[in-house]
Each structure stands twice: as C-alpha cells, then as structure tokens.
Protein chains: 2
Amino acid sequence: MAAPKFIEIKQHLTELIEQGSLAEHAKVPSENALAAQFECSRMTARRALTELVEQGVLVRSQGQGTFVASLKSQGSMLTIRNIADEVKERGRGHRVQVLAKTRLAADTEVAIALGLSPGTEVGHTALLHLEEGLPMQLEHRYVNLALVPGYLEQDFALQTPHEYLSQVAPLTEAHHEVEAVVVDTATAELLQLGPGEPCLRILRRTWSRSGAVSFARLTHPGSRYRLGGHLVMDN
Amino acid sequence: MAAPKFIEIKQHLTELIEQGSLAEHAKVPSENALAAQFECSRMTARRALTELVEQGVLVRSQGQGTFVASLKSQGSMLTIRNIADEVKERGRGHRVQVLAKTRLAADTEVAIALGLSPGTEVGHTALLHLEEGLPMQLEHRYVNLALVPGYLEQDFALQTPHEYLSQVAPLTEAHHEVEAVVVDTATAELLQLGPGEPCLRILRRTWSRSGAVSFARLTHPGSRYRLGGHLVMDN
DNA sequence: AATCTTTGCTTGTATATACAAGTCGTCTGT
DNA sequence: ACAGACGACTTGTATATACAAGCAAAGATT
C-alpha cells in the first residue's frame, strides 16, 4: 500500500526545494548519504535522483555531486499536433483538398530550411484541411526529393503528407516557429477569413536520420484555431 | 571507448523500428530475451527499455510486455519561455513598465481560469516588456490572492511577476494556449503596432501544489515576435 | 614555489539476485 | 459447461556488490 521508496525520496527532496531549505544551485546529499538516511541501497537513492534530473529539478555532474537546478530554467512545453488527428479526436469530419502537387525550384527560404542550394528541385504540395467543411489549415509543404523520392506519387486525399512522411522517413528531430500574420487576399479567400482577420502560422521543419526532410508552412484562421498544450512539471 | 551497452540496445531497437521490422504496436522482446540476446543482465536490458519508454518510443504494461508506441502519438513540443530571459539571452536590454497594479473583481473568464467564483477579488497587474525600448509583450496577469497574498506589494520593475511567483509558489503544472488576434486601438498604440498588424497571444495558466495560482494574457506584436522551439525526439 | 601524485569522494555503468505484482492460458474439480 | 486454482511469463521494486571515471584537495616530489 505504501508508495515505493524512491518516490518517498523524490517527494522529500522536492519538498525541501519548494520550502526553500535547498536553494538554487545548492548541493543535494550524495547518493550514499541518501541511502544511509533512508536506509535503502544506493541504487534506490540513485533512482530518485535520476528521475528528478530527468524532470529538470536537479543537475548532476560526475565527480562533483548533484545540485538543485535553476528554477527559471524550467521551461514549459506546448504540444504541436497534426491537424488531421486533432479534428478527428474532436469527433468531427476531416477532409482534405489537394490544391497543388508539383516539382519546383527551391527559393532561398525553402533552400535554407532544407539545407539545399537555391534552385534545387523540391516537391511542393498545397493542401487545404477542412473541419466539417470549414477551412482550418492551409498546408504548404516542401519536401527534399533526394530523401523521399516517392513523395509526389502519393494520393494525399487518402493519407496526409504527415502520415506518409512518418512512414517512409521516421522523424528524429523537429523545429517549430509560431507567428501571427496577415495573409494575401487569395489565401484569405481560401481560408474564408473575415475582413482583417489574422492567421496563426506554424513553420515546421523536420529531420530524419538522413537529413532535412520537409519544411511546412501551416496557416490557420485566427478566429477558428487555437494552439493548446499542457504539461505536468512535477509529480 | 565503446558506447555503453544499454545505448547499443536502444540503438538496435530504434533501428528495428525505423526500418519497419518492428511495426506499430508490435511486441518487443522481453527484458529477459534482450538480456540473453545481448549477453547482459536483465537490469541493463531493462534500462534500455525504460529510456525508450520515457522517450515515448515504447509502451510497457506489467504482465503483458513491451510494445512499440503508435508513431503518430509522438507529438512534438514547443518550449514557452518567459520574455525577460529570452530578451536577456539575446544580449539585449530588457525593461519593464508597470501600467497597473490593483485588486479587482474577477470576470467570468478569469474566474474560470483560476477556479474561483465570479466576483472574487483577484490581483491584477499590467506590464509592458520592452526590448531595447521597443514593446515586445503586454502582460496582463490575474493572481489568486488567497494563495499569494503578498503579490501586490511587489515592485515588478525589479523582479518580474514570473520570477516572484516561481519563488513563492513553485509551479507544478502549466497550461498554454496560443492564438492570433487583432487588438483594440489602445493596446495597438501601447505595442506600437503598424496598421492592421495582428498579435500573437499566449494564454498561460499555472498551478502550484495548493491550486490555480495565476492566469496571464501575454500579447506580442506579430511583426516583431516569433515563438520558437525545438525538440530532439530520438537520440 | 611550482608541479606531479595520491587519496578519497562523487557519479556512471554493469551484474546477479530476490521477491512483488499483473496478465493470460491451462488444467482441474465441480 | 463453467468456475476457480494454478503456473508460466511478464514488468516493477529493491538490494548488495563491483569497478570505471571524473573531480578536488591534501600530500609528496622536484
């Protein structure tokens, strides 16, 4: 019934930190000291410390010891999900219109994002994602065809680019930027924006083991879309 | 010189997954099987699995076994940082103007966010964060005074609300939403926006052990600010 | 005095072992 | 035919131990 011992130790340490007994950058008792204090083996004490390090509460340094991490460095996180899953999870209808599917020469922005030299041929797709018939995202995607040669042969009405790319080139890394923008009139019409309505834009670059795979510009109507996230920092 | 053994096992498994030998939801060899295969103890094999579970690559279930997690569930993350640190890290001057510091009755939005009944008195502060003299964020913050009674006595020109709150009520949880909005003319003037320029708005709610502490509405000029993040999914 | 060595503490990796606890199929008794 | 007991296999927790590797300060050598 009792909580596992390493959780007791974790709680004890986080309490000390939260009540201020263990200040920022203060040295935490060593693994051996904790083992003695809690009458457990070093490996159990070690596990408590290890998990707190993973949570960003502590910092360890071989040979020196374990220390309280700086409080402000505990950055919180926001999850970025793909629009198709998001819509489906809301239990609403998701549909896609394929607006473009071509090869084109990379301009400087795309070339830099994909780590190619400007002018290299890349795959370009433009998709409009609809939720219950209403436009929710305009997806402009540029793909490195050297890494994903079959990209343009896909039918994206059946399988979204994100799903296809996850299969053929599993991601190892991603980078996102989020900004608020005003779009040109053609795009505004596509997204059925109201007058003066801004858009939330996500720039997403993804890498697989072999290199930079794709660069996407995801544009959402500001009035209909919110990016939402959640994170538990402690436990 | 050689990599530790548990990293070898991790790499072996991620390779199997990436090349498709281990499909989604497929059963991964048990800890004992891996220990036999790699001629190591069960604890070492277990560590490899544990770390892959923490990365979201695998899923474990006591009694059943370990399985490959669904690929799409690997949502990527975006870090949300506080503006003061961000500006200082760029090596630029950060300054704050305190525009308001009062008690007021919570309207419905604030009351819901803080888990209070509408009309409860809460602390309200409005700060304008400047980077090299240019407005970068308008921070409207509502604080549960029952949990942080000293809030309104602080001088926020010296210590930002975020820093103060981190000290007196260490966060255990945070929730964010991000949206693109058009603001009223008074706010537009404060942020020195161009005509029709949209804003990136972050809604941030934070909890400490004792309950919902604060609700903040952070408004950034769309032309001068981008939310940027990064995540390594693998290793 | 300056430099190298030793010693002791720390964390990091790895092993062998034990028992607890959850799941599932099988075997058994009714 | 059904229910329950049992056993096999899985992950979860905990211990005791060993050696490697990094760091720092005290001590020995130059």
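**Two protein chains on two DNA strands**

Five elements each supply at least two residues of the surface near DNA strand C: α3 (42-54), β2 (58-61) and β3 (65-68) of chain A, plus α1 (5-18) and α3 (42-54) of chain B. The model is predicted. The top contributor to this surface is α3(B), with 4 residues. In total, 24 residues surround DNA strand C. The closest are R42(A), K5(B), F6(B), T44(B) and R47(B).

What classes of residue make up the surface near DNA strand C? Here 11 are polar, 8 charged and 5 nonpolar. On the DNA side, 68% of the strand C atoms within 4 Å of the protein belong to sugar or phosphate. The rest belong to bases.

Individual atom pairs fill in the picture. T44(B), one of the closest residues, has a side-chain N or O atom 2.6 Å from a phosphate oxygen of DNA strand C. From chain A, R60(A) places a polar side-chain atom 3.1 Å from a phosphate oxygen of DNA strand C. G63(A) uses its backbone: a polar atom there lies 3.4 Å from a base oxygen of DNA strand C.

Now turn to DNA strand D. Here α1 (5-18) and α3 of chain A each supply at least two residues of the nearby surface, as do α3, β2 (58-61) and β3 (65-68) of chain B. The largest share comes from α3(A), at 4 residues. There are 24 residues around DNA strand D, and K5(A), F6(A), T44(A), R47(A) and R42(B) come nearest. By class, the surface holds 5 nonpolar, 11 polar and 8 charged residues. Sugar or phosphate accounts for 66% of the strand D atoms within 4 Å of the protein, and bases for the rest.

Which phosphate contacts does R47(A) make with DNA strand D? A polar side-chain atom of R47(A) sits 2.8 Å from a phosphate oxygen of that strand. Chain B adds R46(B), with a side-chain N or O atom 3.1 Å from a phosphate oxygen of DNA strand D. R60(B) also has a side-chain N or O atom 3.1 Å from a phosphate oxygen of this strand.

Step back to chain A as a whole. Its secondary structure comes to 7 helices and 11 strands. The radius of gyration is 24 Å, well over the 18 Å that the globule rule gives for 235 residues, so chain A is more spread out than a compact globule. Along its principal axes, the C-alpha trace spans about 70 × 40 × 35 Å. Of the 235 residues, 49% count as buried. Among chain A contacts with a separation of 6 or more, 61% join residues 24 or more positions apart. The accessible surface is about 11,200 Å², and 51% of it belongs to carbon and sulfur atoms.

Technical notes:
Residues numbered from 1 in each chain as written. Chains lettered and ligands numbered in written order. Predicted model: local features only at pLDDT ≥ 70, side-chain atom pairs only at ≥ 80, totals over all residues. Heavy atoms only, no water. Near = heavy atom within 4 Å. Polar contact = N/O pair within 3.5 Å; in protein donor to acceptor, adjacent residues only side chain to side chain. Nonpolar A, V, L, I, M, F, W, Y, C, P; charged D, E, K, R; others polar. Rg over C-alpha atoms; globule rule 2.2 N^0.38 Å. Buried < 20%, exposed > 50% of the residue type's maximum accessible area, 1.4 Å probe, protein only. Contact = heavy atoms within 4.5 Å. Areas by Shrake-Rupley, 256 points an atom, 1.4 Å probe, with all protein chains shown as cover.
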